[in-house]
Amino acid sequence: FGSVDYIAKFGIPIYPFGYIVALGWILTVAYAIVKYHLLDIRIAISRVLVFSVVYGAVLGVPVFLGLHYGRLLYGRYGFNWWLLPAGAIGVLASSGPAIYNRLQRRLESVLLAKQRRYQRALLQAAEGMIEVREVRKLVNLIVHILTKTAGIKKAGIFLYDESDNVYKLESWRDRQCNQEEVEIKAEDLAIKQIKEKVEPFFSSSLEGKSPGLEALKEIGAVLIVPAQMRDRLMGFLVLGEKKDNGLFNADDISTFRTLSYQGSLAIENARFLEEFKKNQERIYHSEKLAAIGAMADGVAHQINNRLQVFMAIAGDMGDVLENISREGLSEEVRKNIEHCKYCVEKIEKNAVHTAQIIRGILNYARTEKDTGIKAVDIEEMVEIAFGLLRVKHQVGDLEIRVEKEGIEGRAEVWAIPAQISDAIFNLIDNSYEAIQERIAQGDKVEPDIEVKIKGKGERIEIIVKDNGIGIKEEDKIKIFAPFHTTKSSTISGTGLGMYVVKKIIEDNHKGRIWFESEYKQGTSFHIELKAV
């Protein structure tokens, strides 16, 4: 205002910019209040009204007393007339703040009754969350409470997924849909700002451009509540607007902060219990396989001893039959000798095949007992998987081509032998069954399964290629989905094979898996793992 009132006094004409600046200041404050939710208008108006009533009385009563009764008392009793209003001001001014605070609390309790109720409900729910043992149930419970009890239009929870290094929207509810598939990379600008904020904040304060910021904007995030444990961002709550279009005040934010902290403890506890359960299952599985492996060693030893006897006897009988002179024998006897020779050869062949089957089972059992990460020879795993394939499908004449490219010596990766053996066996087994399905449909093809092992710097790529039935376009997006199978009814299939393979490669070994396929032409599956 100095440009208007002060400079003009010296006769210097100047345009009244001060009024424009004053108007701009008012608009700026109004914009800040709306954008950053600085003020609940209902509370503001109630405070102004209470203040006006209380301090109107504090000032009005003394003025009324002074004007109407002061001079009358002075004329009648002869003492200073201003003592009455001054005394009234002293009494009312001292009691005014207490009266103001009491009235304001009562009025706010009426205006915010609904809000206080849901805040109490949220705090009670937060205390009970520690009893929930499953992460999925827990995040769904939190979101349900926020949308139903707190009256929020949209709510969701992002949790950190260590395997993919992303924050995934694990649970989401709004009026349009119950679940959104949203992922924000841990290095995204949005996550960096959330980590820096620590305390709950409004999404309007996020700055810059990134996929994560766009994702938060797209789902309608208004308030973001970080969930931190020991300086680690476990995840964060995302809240939309209230159903009554009210503002989030300090009490709301404090309640959500408590809910977030309790939720973090509960999620950490649930994850620990889930991991503990998995470890117990692994220990039980390992002990069971160790027992099976020990039994398989003993059984294989006993059977192999007898097979050696069978093969030795069959060999001796074959030599005897070969050396029998056919001269002077009748045609019928000659035929019987040839038949016996044929039977001996079949016995010897089946004994050899049985030994191969036992060796395949024994090799597989030995890999299953080894559950630690170590250097694994891929060629050895392929050989074990192929041995098990022969056992499962009773094929002795099927050959699988194994080629190496860009690798000198052994092709080794860091892996858990049992799991990699399972994954490769699943791929080879699927290839064999895909070929059989193509043949069943009338296509005349020679079974061809090729395994190529390629060196790619610090990684090794394993390719399992076949000339089987292939995958239809509409089925490609569902290949890794659980309980989905493309196998015909004549071929067994639970729909879990490829889902498990993907979990083994990507979750347990931090590798990659993908495929290329053309219907009735064949399929190639690609696996990438860290090289030794």
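How many bridges join β12 to β13, and in which sense do these strands run? In this predicted model, the two strands are antiparallel and are joined by seven bridges. Within this pairing, Ser-517 has Thr-523 of β13 as its bridge partner. The hairpin formed by β12 and β13 has three residues between the strands, and Lys-520 in this hairpin adopts a positive phi near 65 degrees.

The hairpin belongs to an open sheet of five strands, arranged in the order β8-β10-β11-β13-β12 with mixed pairing. Strands β8 (400-405) and β12 (512-518) form the edges, each pairing on one side only. On average, and with direction ignored, neighbouring strands of the sheet are turned by 15 degrees against each other. At one edge, β8 pairs with β10 (residues 449-456) in the parallel sense over six bridges, and Ile-400 stands opposite Ile-449 in β10. Helix α11 (residues 378-393) packs on the sheet, where it touches β8, β10 and β11 (459-466). The direction of helix α11 makes about 170 degrees with that of β8.

Strand β13 (residues 522-530) also pairs with β11, to which it is joined by eight bridges in an antiparallel arrangement. In this pairing, Phe-525 of β13 is the bridge partner of Val-464. Strand β13 is mostly covered, with eight of its nine residues buried.

Glu-528 takes part in salt bridges to two strands of the sheet. With Lys-456, the closest N and O atoms are 2.6 Å apart. Lys-456 lies in β10 and Glu-528 in β13, so this salt bridge ties together parts that are 72 residues apart in sequence. With Arg-512, the closest N and O atoms of Glu-528 are 3.5 Å apart. This second pair links strand β12, which holds Arg-512, to strand β13 across 16 residues. Glu-528 counts as buried because its relative accessibility is 8%, under the 20% limit. Lys-456 is partly exposed, with a relative accessible area of 36%, and Arg-512 is likewise partly exposed at 44% relative accessibility. The three residues belong to a network of salt bridges that also includes Arg-459 and Glu-461.

A search of the whole structure finds 19 salt bridges. One of them joins Lys-341 to Glu-322, with the closest N and O atoms 2.4 Å apart. Lys-341 lies in helix α10 (residues 331-369) and Glu-322 in helix α9 (residues 250-323), so the pair ties together parts that are 19 residues apart in sequence. Glu-322 counts as partly exposed, at 44% relative accessibility.

A nonpolar surface patch of about 530 Å² is made by Ile-14, Tyr-15, Phe-17, Ile-20 and Val-21. Among these residues, Phe-17 lies in helix α2 (residues 17-35) and is partly exposed, with a relative accessible area of 48%.

For the protein chain as a whole, 14 helices and 13 strands are found. Of its 532 residues, 38% count as buried. The accessible surface comes to about 31400 Å², and carbon and sulfur atoms account for 57% of this area. Among contacts in the chain with a separation of 6 or more, 63% are between residues 24 or more positions apart.

How values were computed. Residues numbered from 1 in each chain as written. Predicted model: local features only at pLDDT ≥ 70, side-chain atom pairs only at ≥ 80, totals over all residues. Heavy atoms only, no water. Pairing = 2+ DSSP bridges. Helix = DSSP H or I, 4+ residues; strand = E, 2+ residues; numbered from the N terminus. Axes fitted to C-alpha atoms, helices over the stretch in contact; angles between N-to-C directions. Contact = heavy atoms within 4.5 Å. Patch = residues over 30% accessible without salt bridge, like charges linked within 9 Å, V, L, I, M, F, W, Y side chains within 5 Å. Areas by Shrake-Rupley, 256 points an atom, 1.4 Å probe, with all protein chains shown as cover. Salt bridge = Lys/Arg side-chain N within 4 Å of Asp/Glu carboxyl O. Buried < 20%, exposed > 50% of the residue type's maximum accessible area, 1.4 Å probe, protein only.
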